[in-house]
Structures are given as structure tokens and as C-alpha cells.
Amino acid sequence: MSSMLSHLLRASCAQPSGLTRLSAILGCLSVLNVGFLMGSFFGSASVEAQELLRAPSPRVEGEWSLGESGLIPPSDSTKRLRYWVVEGAKTSALRARLSADAGLDFGLLVGFDPQRGSGLAVHFHRGSARLEAVTGPSASDITPLTEFEAMPNLKKADVIEVFAISTGGSLLVWIFDPDSKRGATLMLAADAELSAGFWGAFVPVKRAAKGHVAAMELVDPCVAELPVPIANSKLFVRVDKKTSRVMALDEEPGEEPLNARDARVVNGRLVEEQGSSRVFEVSAQEWRRLHCGQTRVRGVVTETPFKYLEGADLSSDALDGLTYLSPAGTERFLKHYAARYPDLAQLVELGVTHQGRPIQALVLSRGDPAGKPAILLNSAHHGNEPLSVNFTLDAIRTLLENRDAPETSDWLDRFAIWCLPVVNPDGYAAHMEVSQRMGRKNGLDTNGDGQVQREDGVDLNRNYPFRWGETGEEGSRSRPVHAWYRGASPGSEPETQAVMALARSEHFLASISYHIGNIAILAPYTTEDVESPTPNEAWSVAESVAEGMPSWLDKRVYDVRRNLYTVDGTDQDWLRHETGCVALLVEGSPSSPIKLDERRTAVHAVRQSWIGLLRRSIGPGISGRLVNRSGEPVVAVVSIDEIELHAGEQWTSRCRDGRFHRFVPGPGTYTVRIVTGEESVVRSVVVGDHFESVFIIVDAAATSCDGPLWPPATPYQPPNFAAALPAAACFGGAHGAVKRPQPVAALLPPSALDEPTVTSPTESENTCGCAMRRSRPSWPEACWFMLLLLGASRRGLNRRRG
């Protein structure tokens with residue numbers, strides 16, 4: 001009989017505290033089976049465990065028993081922690097095989113101190129696992145160190161193995177299926193110093209255990225053979241380059257104190273060099289060689305940022321729209337194009353995050369964007385979706401690099417195209433530079449402990465005021481630690497407020513919010529039980545965008561949907577309800593791929609979404625301007641009788657200039673209704689394939705507003721009333737009826753965007769130098785307009801005489 005088995009016999013036959021004599025005798029009789037399991041599962045490592053097991057008997061709390069199948073946890077539910085532990089060295093490794101045929105709901109203890117009731121725990125519950133700090137016997141004494149991590153590859157496993165190692169102030173836990181050829185499916189890591197060397201199993205407070213320990217042993221990690229799934233897994237280790245001279249195999253020798261003569265070569269990849277430390281990606285086998293050798297390993301990197309992934313080089317300042325950029329690199333990208341094309345691009349700061357990062361956008365327009373219809377492209381509401389940032393960066397690059405192509409040039413003339421690559425700068429920075437498991441939420445320190453950790457923050461795309469929290473705990477969450485936490489109140493976050501302020505200033509004609517995780521186009525309203533307008537022009541716009549988009553790599557198409565699952569408090573629905581914006585959401589890719597070819601395919605496919613939106617924004621639709629009899633802009637409710645609204649929408653003209661822009665489902669005759677107070681003005685408008693313009697004078701006082709939210713390159717001047725009518729008409733029919741071309745081939749650089757085919761309808765030339773088609777004003781409007789022009793001329797003449 002092995003010495004390990006002898007020890008277990010002694011431990012089980014001794015009188016353990018907390019167990020009845022009968023249980024001890026049963027444990028003594030059944031330990032032969034347990035020893036057999038340990039030997040067959042773990043091989044010769046059981047011999048090495050003997051020297052580490054010094055306790056004459058296990059320390060026990062609760063009714064544990066050793067049966068034929070192994071260590072059986074208590075089946076009752078109490079208010080105290082129940083445990084079974086044996087003593088080993090602080091540097092031990094715990095290897096356990098857990099039976100999960102009936103589910104798994106208990107855990108393992110490492111570095112546990114029975115006297116204090118403190119230590120670390122690996123807690124299994126409903127197919128997930130997390131690390132916990134135990135500081136006492138009650139429920140309030142257990143603090144989660146990580147969130148529960150789902151183990152999808154282990155759901156059908158009857159048996160799982162756990163390998164836990166304490167090293168350098170870190171606890172590493174691998175969990176895997178011993179019968180599968182797959183690698184370790186999960187690695188949990190947390191900064192933790194072990195105060196004692198007791199290791200074993202436990203049952204959480206107020207929980208009835210499920211499953212049992214089929215085998216368990218303590219081993220020396222520097223001697224025991226690592227299981228294959230673990231040996232091949234990857235770790236990121238940090239070493240001090242002053243005290244531990246380590247270099248990668250493919251690294252060129254440097255200067256002192258690191259050179260090829262005295263450096264220890266590690267079979268790994270150098271991922272970061274910062275200050276006095278270097279970070280290497282190595283296999284677990286290579287990590288053990290360093291850890292057990294003479295190299296001083298400062299510790300294992302417990303959270304892996306996106307920048308450590310091979311192929312995700314964030315040090316680059318590439319301008320191709322394909323390279324993943326750091327937060328600073330994204331800011332440099334925007335500044336580069338603003339400086340390179342000052343006549344076409346203006347850099348605008350919309351706000352500042354909790355952590356002091358600027359929320360920056362680039363507005364693209366030839367000439368002053370203030371009087372034009374505005375279109376918004378935004379991404380990274382969720383900072384853990386880095387590829388979405390590239391979708392917007394690619395739009396900036398494509399539009400500016402092809403500024404002289406006929407169709408692109410026309411778009412820059414017609415529209416103010418707002419590009420907001422990173423709505424959530426704090427989350428994006430956390431994901432790229434701190435941990436891949438962070439970034440969905442923003443940088444709010446939710447619990448106020450002075451540190452922003454994984455559980456902190458607000459999901460910005462659940463924080464918008466429209467139907468905020470109305471689905472209860474289904475579409476968003478009230479618990480701050482949840483990934484869908486909606487915030488303390490509607491629109492509470494600076495990032496949300498920045499987008500809302502911009503939208504209220506610009507009254508976007510249309511927008512696309514880019515996301516990662518699926519292949520789909522979502523058209524508002526996405527919130528359940530909110531009825532969309534009939535007919536829903538937003539859906540028809542989404543369908544026209546989808547028609548031009550290619551199928552995905554796996555042949556999936558970008559089909560138009562209402563939603564993917566229940567949501568509330570989204571930017572998409574708020575934009576729609578607040579301003580009438582046709583706000584689409586494009587799920588552009590299932591993930592953010594590391595391989596450049598996959599990234600290129602995704603970016604090129606999604607490029608067609610904003611191209612399709614800009615083409616559809618040529619028309620059909622109605623554009624207009626409201627002024628009073630003094631020529632001042634007026635805010636009034638603007639509706640189209642043929643589009644019935646059901647959700648209490650009050651869509652108005654834009655404050656600073658009285659303009660409005662609305663898509664219509666297709667060509668036809670539409671009734672535009674303007675309501676200001678008790679006055680209602682109605683106009684019948686015949687719409688073709690383009691935007692038709694109307695100019696309406698109402699009896700209303702001028703509306704006071706703060707002017708544009710953002711600072712233009714030149715001081716903002718209200719539009720000249722005398723030139724207002726031609727300016728409005730220029731948008732409506734500036735180039736006659738435009739035939740939309742076929743989808744652009746997805747190439748980089750985007751060479752010739754297809755030239756639009758221009759027809760020549762009945763035209764009248766105006767002072768803009770463009771062709772104009774518009775609704776004819778009524779005789780009273782025409783008379784008032786002439787009187788206003790005459791009055792302006794007389795005032796100008798009097799000023800010159802004075």
C-alpha cells in the first residue's frame with residue numbers, strides 16, 4: 001500500500017472533530033476505495049503527496065462521509081460553512097476530480113485556516129465557477145473575487161478535474177474535462193496571499209450540496225506531472241528585468257542589463273515591456289520551468305488585456321481602418337484626419353468620462369455643417385467590442401480618402417456626417433489595456449471603493465431614458481454588479497448625456513450604432529410592447545441598407561430584425577422616439593477577430609451599411625424649414641399624416657435653424673402638418689425619388705436655444721434668411737433624380753465609388769448653382785417673402801446712409 005494511502009487511512013480512522021464515531025469507522029472502511037481512485041486517476045503523484053500531508057486527521061465541520069464513490073458532502077442546508085480539509089504546504093497544488101453527474105454545487109478550499117475560518121474558495125454552481133474569499137463561517141463572510149464564469153464545454157461532463165496552484169501571490173485554477181482532448185476550458189486567477197496551508201472541500205452557506213469529490217490530492221507543482229490540457233495552456237508572466245534577466249527565443253539581444261550572454265532564454269513571446277518589468281506569454285509548462293528554477297517571477301498576470309493577444313498590436317498608428325488601435329491611437333487617428341483635411345473634417349469634444357477621457361467625434365462635411373442634414377455613425381457603446389471601432393474608423397478613412405469621387409463628394413456636400421468611434425472610452429481602455437473581461441460597462445466606480453473593477457460601471461446601452469428599466473429584470477438589471485446594469489437613473493452617465501445632447505442639437509436624419517456579437521440589422525423600436533409607426537419607414541430604410549450588404553463568412557445574411565432579445569433603455573430607441581431619427585443598429589460580426597483576413601472581411605462587409613444609408617438618404621423624403629414672419633427659426637411639431645405614430649412621439653424641427661428632415665416609405669403625395677401652439681399649418685408635398693423641400697412661414701415667436709453644442713472651426717453664424725430658401729432647396733433636389741448605383745466592391749483602398757447616374761427633370765437654377773425641385777409656395781407665403789426681402793434691403797440701405 002502506498003504511503004499516501006497509509007496517510008489517508010490514518011487520517012480517516014482517527015477521531016475527527018465534528019464527526020460521529022460511526023462516521024469515522026465508515027470512513028476508515030471506505031478509504032481503500034478512495035485510495036484506489038487516487039492512484040488510478042493521478043498515478044505516481046500520490047507518492048509525492050505524502051510528505052505534504054502532515055495533519056494526523058482532516059479538519060471537519062459538518063457531516064461529511066467517505067463512501068465507495070469518494071468524499072460525500074453534507075446534504076443538509078445550514079447557515080454555517082461546512083468543510084473538510086487537510087494540511088499541506090503553502091506552495092502546494094491541489095488536484096481534485098469531482099463527480100458532476102447530478103450537477104455540481106459545492107466547492108474546494110485552498111489556503112484555508114480552520115481556526116479563523118478564512119481562505120480562498122473555488123465555488124461551483126449551475127455550470128459556472130468563481131473564486132471567493134472566505135473570512136468566516138457565515139454568508140456575509142464570503143466575498144466574490146470574480147464573477148461566475150460559465151463553463152459551456154463542461155456542461156455534459158460527468159466528471160471534471162480541477163488543478164489549483166498558489167504562486168507568487170496569485171492563485172491559478174484550471175478546470176477541464178479529463179476525458180476530452182480539449183485544453184483547459186477555464187482558468188481563474190486572482191491576486192491572493194495564502195495565510196495557511198489547509199486544502200480540501202466545502203459546502204456554501206444555505207446551500208444543499210450536489211456532486212462529490214471522487215479523488216483529491218496535494219502535490220508539489222515543481223515535481224508532479226502537469227495534466228496535458230494544462231501543460232499546453234497559455235499564461236502571461238511578469239518578471240523583473242533587473243533581477244531576472246529573461247528574453248524570448250526570437251528576441252534580439254539588447255544592452256545591459258539584458259543581453260544574450262547572461263539572459264535566460266524563455267520559450268515564449270514578449271508582449272509588453274513597461275518600466276522595470278517584462279511580460280511574456282508562455283505555456284504552463286514553461287511557466288513552471290521559470291517558477292521552479294532560479295528566475296524570479298514577479299507573478300502571473302491575473303487579467304489578460306486585449307493588447308496581449310498575438311496579432312493585436314496596439315502600438316501601431318496605422319491609418320488603414322483595419323488595425324486595432326489603443327485608446328490613444330484612436331485619438332491620434334481622429335487628430336490626423338482633422339489636421340490633414342481641415343476643410344472637410346472637424347474634431348469635436350462632446351464630453352468627458354468619469355475617468356477624465358474625452359469623448360471625441362469627427363464631423364465630415366464640405367463647408368459649414370451647421371445647416372445640413374446630419375447623420376451619425378457611432379460605435380463602442382460597449383468597450384469590449386473593439387472591431388466596432390474599426391467600422392467607424394473605416395468610414396472616416398473611406399470618405400476622406402475618396403473625397404473627390406463623384407458620389408462621395410456629393411455626400412460631403414449634402415450631409416454633416418458625424419463619426420463617433422468610441423462612445424465608451426473608459427470601457428474601451430479597460431478592455432484593451434487591463435482585461436478582456438472588462439469594458440462592456442463604463443468607468444463608473446459603482447461601489448465607491450476607489451477602484452474600477454470588473455463588476456463596476458454602467459451598461460451605456462441600457463442607460464437611455466426611453467422605457468428605462470420598464471422590462472424589470474429582463475431587458476436590463478438593477479444590480480450594479482450585473483453586466484446589464486442600467487445605472488442609478490435614466491441618462492445618468494456622462495457618455496449617455498454627451499450622445500443625447502448631440503442628438504438634440506443635430507436632430508439626426510439617420511444613425512447607425514455598430515456592435516459585435518451577431519449578424520443582423522435592428523430597426524426601431526426594439527423595446528418590447530412599443531408600437532412602431534405605420535408604415536414604418538425605418539424598417540424600409542433598414543431593408544434598403546440590408547440589400548447592399550454581402551453575406552457573412554458562414555453564409556449568414558444581414559437580415560432586418562426588431563431585436564435579438566428583450567432590451568430597454570437603448571440609444572437606438574431613444575434617438576427614434578426623441579427626434580424621429582431612423583436609428584439602426586448593425587451587429588457587424590460575431591466577434592472581434594485577431595486574424596487580419598477575417599477582420600478585413602468584416603470591415604468590408606459592414607462598409608456597405610453606411611454606404612447604403614447615405615444612398616438612401618438621398619431620398620425619397622421630405623426636407624423643410626420653419627421660420628416666423630421675422631425670418632427667425634421656429635421649433636414646432638412636424639408630422640406626416642400618412643405615417644401614423646403610436647408611442648406618443650413629438651418630433652420637432654431643429655432649434656437652431658428650424659429645419660426638419662424625414663424619410664418617407666416611397667414616392668407619393670404626403671401631407672406635412674406643422675403644429676405650433678394652437679396653430680396648425682398643412683402642406684401637400686409630392687415626393688419622387690429624392691428629398692422634396694418645403695418652406696413654411698408660421699405665426700410663432702422665435703425659439704430660444706443654446707445654438708450648436710459643438711464648436712465649429714469658424715464662429716457659428718445663423719443662416720442668412722435671404723438665402724435660406726435656395727439652401728433648403730439644394731438639399732431636396734440638388735442633383736435632380738439620382739439613380740442609386742449597385743453596391744460598391746469591398747476593396748481597400750476604396751478606389752472609385754460608383755458615380756451616380758443623373759437625370760435631368762424639369763429644373764430651375766438657383767443662386768446655389770444647383771438644380772432645384774420644390775413645392776411651390778402659396779401666394780401669401782410668396783408675398784410675405786418678398787416683403788421680408790424688401791424690408792431687409794431698406795434696413796441695409798438706411799444703415800449705409802447712417
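User: What makes two strands count as paired?

Analyst: Two strands pair if DSSP finds at least two bridges between them. In this predicted model, strand β30 (residues 621-627) and β32 are joined by five bridges. The requirement is at least two, so β30 and β32 count as paired, in the antiparallel sense. One of the positions concerned is I622, whose bridge partner in β32 is R662.

User: Why is strand β32 called largely enclosed?

Analyst: A residue is buried when its relative accessible area is under 20%. Five of the five residues of β32 (residues 659-663) are buried, so the strand is largely enclosed by the rest of the structure. R659, H661 and F663 point one way from β32, F660 and R662 point the other way, and all are buried. In a regular strand the side chains alternate between the two faces of the sheet.

User: What makes helix α8 largely enclosed?

Analyst: The same cut-off applies, under 20% relative accessible area. Seven of the nine residues of α8 (residues 406-414) are buried, so this helix is largely enclosed by the rest of the structure. The buried residues of α8 are E407, T408, S409, D410, W411, L412 and R414.

User: How do you know which strands are the edges of the sheet with the order β19-β20-β16-β21?

Analyst: This open sheet has four strands with antiparallel pairing. Strands β19 (268-274) and β21 (297-300) each pair on one side only, and they are the edge strands. Neighbouring strands of the sheet are turned by 25° against each other on average, direction ignored.

User: How do you know that β16 and β20 pair?

Analyst: Seven bridges join β16 (residues 234-240) to β20 (residues 277-283), and the two strands run antiparallel. Since pairing needs at least two bridges, β16 and β20 count as paired. K234 stands opposite S283 in β20.

User: What lies across β16, β20 and β21?

Analyst: Helix α5 (residues 284-292) lies across these strands, running at about 130° to β20.

User: What makes up the lining of the largest pocket?

Analyst: Lining residues have an atom within 4 Å of a pocket point. The largest pocket is lined by 44 residues, of which M438, Q453, R454, E455 and D456 lie nearest its centre. The lining divides into 13 nonpolar, 16 polar and 15 charged residues. About 1,100 Å³ of space lies in this pocket.

User: Which element supplies the largest share of that lining?

Analyst: Helix α9 supplies the largest share, five residues. At least two lining residues each come from β9 (142-144), β13 (186-191) and α9 (425-433).

Methods. Residues numbered from 1 in each chain as written. Predicted model: local features only at pLDDT ≥ 70, side-chain atom pairs only at ≥ 80, totals over all residues. Heavy atoms only, no water. Axes fitted to C-alpha atoms, helices over the stretch in contact; angles between N-to-C directions. Contact = heavy atoms within 4.5 Å. 1 Å grid on protein atoms, 1.4 Å probe; cavity = no way out; pocket = protein on both sides within 12 Å on 5 of 7 lines; lining within 4 Å. Points joined across faces, edges and corners; volume = space filled by probe spheres on them. Nonpolar A, V, L, I, M, F, W, Y, C, P; charged D, E, K, R; others polar. Buried < 20%, exposed > 50% of the residue type's maximum accessible area, 1.4 Å probe, protein only.
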